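Student: I have this protein open on my screen and would like a close look at one part of it. Could you pick a single strand and walk me through its surroundings?

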Amino acid sequence: MKTWTVLLWLGALAASVPAFAGERFDIAITVDDLPYHGALPPGMTRLDVAEGYLRTLKAHGVPQAYGFVNASKLTQEPGVDAVLDAWRAAGYPLGNHTFTHLNLDRAASLEAWRSDVIAGEPAELAESDEERRTTWPSH
């Protein structure tokens with residue numbers, strides 16, 4: 001639901017850009033907490049939700065959207081790796097959002113947090129490119 005709100009907000013923002021809108025600028029579109037976050041809407045699967053995001057991004061011509069993964073979720077619910085497969089198949093890159101979504105402020109130590117970041121890397125590194133992307137939880 002947050003992503004839909006962000007996309008609607010971005011659409012409203014784009015509609016209100018003044019006359020200098022011809023100037024080019026880049027923004028990064030990111031979706032945190034893949035392969036899932038929160039409860040499922042009734043009658044939907046995790047893959048259904050992800051495919052809805054992907055259809056929306058493609059329909060709006062988003063050339064690149066980074067999906068940031070909490071890799072621990074891949075072990076908590078069978079079949080959710082299909083969400084990452086769908087993200088990759090859509091041509092969008094994945095990044096590391098730490099293994100357990102551990103916030104640095106809540107980590108027992110810097111080493112514990114660093115270990116959580118490193119543990120989250122295999123999901124991201126399963127891609128063919130070598131570029132690493134990481135975003136840190138802030139809540």
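**A close look at strand β2**

Tutor: Happy to! Let's take β2 and begin with its pairing: strand β1 (residues 29–34) runs parallel to β2, and 4 bridges join the two. Please keep in mind that this is a predicted model. Within this pairing, Leu 34 has Val 69 of β2 as its bridge partner. On the way from β1 to β2 comes helix α2 (residues 46–59), and β1, α2 and β2 together form a right-handed β-α-β unit.

β2 also pairs with strand β3 (residues 94–96), again in parallel, through 3 bridges. Here Val 69 turns up once more, with Asn 96 as its bridge partner in β3. Between β2 and β3 the chain passes through helix α3 (residues 81–89), and this β-α-β crossover is right-handed too. For orientation, the protein has 5 helices and 3 strands, and from the N terminus the elements follow the order α-β-α-β-α-β-α-α.

Now to the strand itself. Is β2 (residues 65–69) enclosed or open to the outside? It is largely enclosed by the rest of the structure, because 5 of its 5 residues are buried. In the protein as a whole, buried residues make up 37% of the 139 residues. In a regular strand, side chains alternate between the two faces of the sheet. You can follow that in β2: Ala 65, Gly 67 and Val 69 point one way, Tyr 66 and Phe 68 point the other way, and all of them are buried.

What fills the space around the strand? Nonpolar side chains tend to be buried together in soluble globular proteins. The largest nonpolar core here has 17 residues, and those touching the most other members are Leu 34, Leu 57, Ala 65, Trp 87 and Tyr 92. β1, α2, β2 and α3 are the elements that each give two or more residues to this core, with α3 giving the most, 4 residues.

Leu 34 is a good residue to click on next. Leaving aside neighbours within four places in sequence, Leu 34 contacts Gly 67, Phe 68 and Val 69, and also Asn 70, Val 83, Leu 84, Trp 87 and Leu 94. Such links between distant parts of the chain fit the overall picture: of the contacts between residues at least 6 apart in sequence, 72% join residues at least 24 apart.

On the β3 side, have a look at Asn 96, which is part of that strand. Asn 96 has a relative accessible area of 0%, so it is buried. Its C-alpha lies 5.3 Å from that of Phe 68, although 28 residues separate the two in sequence. What does the side chain of Asn 96 reach at 2.7 Å? One partner is the backbone oxygen of Val 117. A polar atom of the Asn 96 side chain also lies 2.7 Å from the backbone nitrogen of Thr 98.

Val 117 takes us to helix α4 (residues 110–119), whose buried residues are Trp 113, Asp 116 and Val 117. Viewed down the axis of α4, these buried residues fall within an arc of 100°, so they line one face of the helix. Starting from β2, then, you can step through Val 69 to its partner Asn 96, and from the side chain of Asn 96 to Val 117.

Technical notes: Residues are numbered from 1 along each chain as its sequence is written. This is a predicted model: local features need pLDDT of at least 70, side-chain atom pairs count only at pLDDT 80 or more; totals for chains, interfaces and linings use all residues. Side-chain values use heavy atoms; hydrogens and water are left out. Buried means under 20% relative accessible area, exposed over 50%, partly exposed in between (1.4 Å probe, protein chains only). Two strands pair if DSSP finds at least two bridges between them. A crossover is right-handed if, with the strands pointing away from the viewer, the path from the first strand over the helix to the second runs clockwise. A nonpolar core is a set of buried Ala, Val, Leu, Ile, Met, Phe, Trp, Tyr and Cys residues joined through side-chain atoms within 4.5 Å. Contact means heavy atoms within 4.5 Å. A polar contact is a pair of N or O atoms within 3.5 Å; within protein, one must be able to donate a hydrogen and the other to accept it, and residues adjacent in sequence count only if both atoms are side-chain atoms. The arc is that of the directions from the helix axis to the C-beta atoms.
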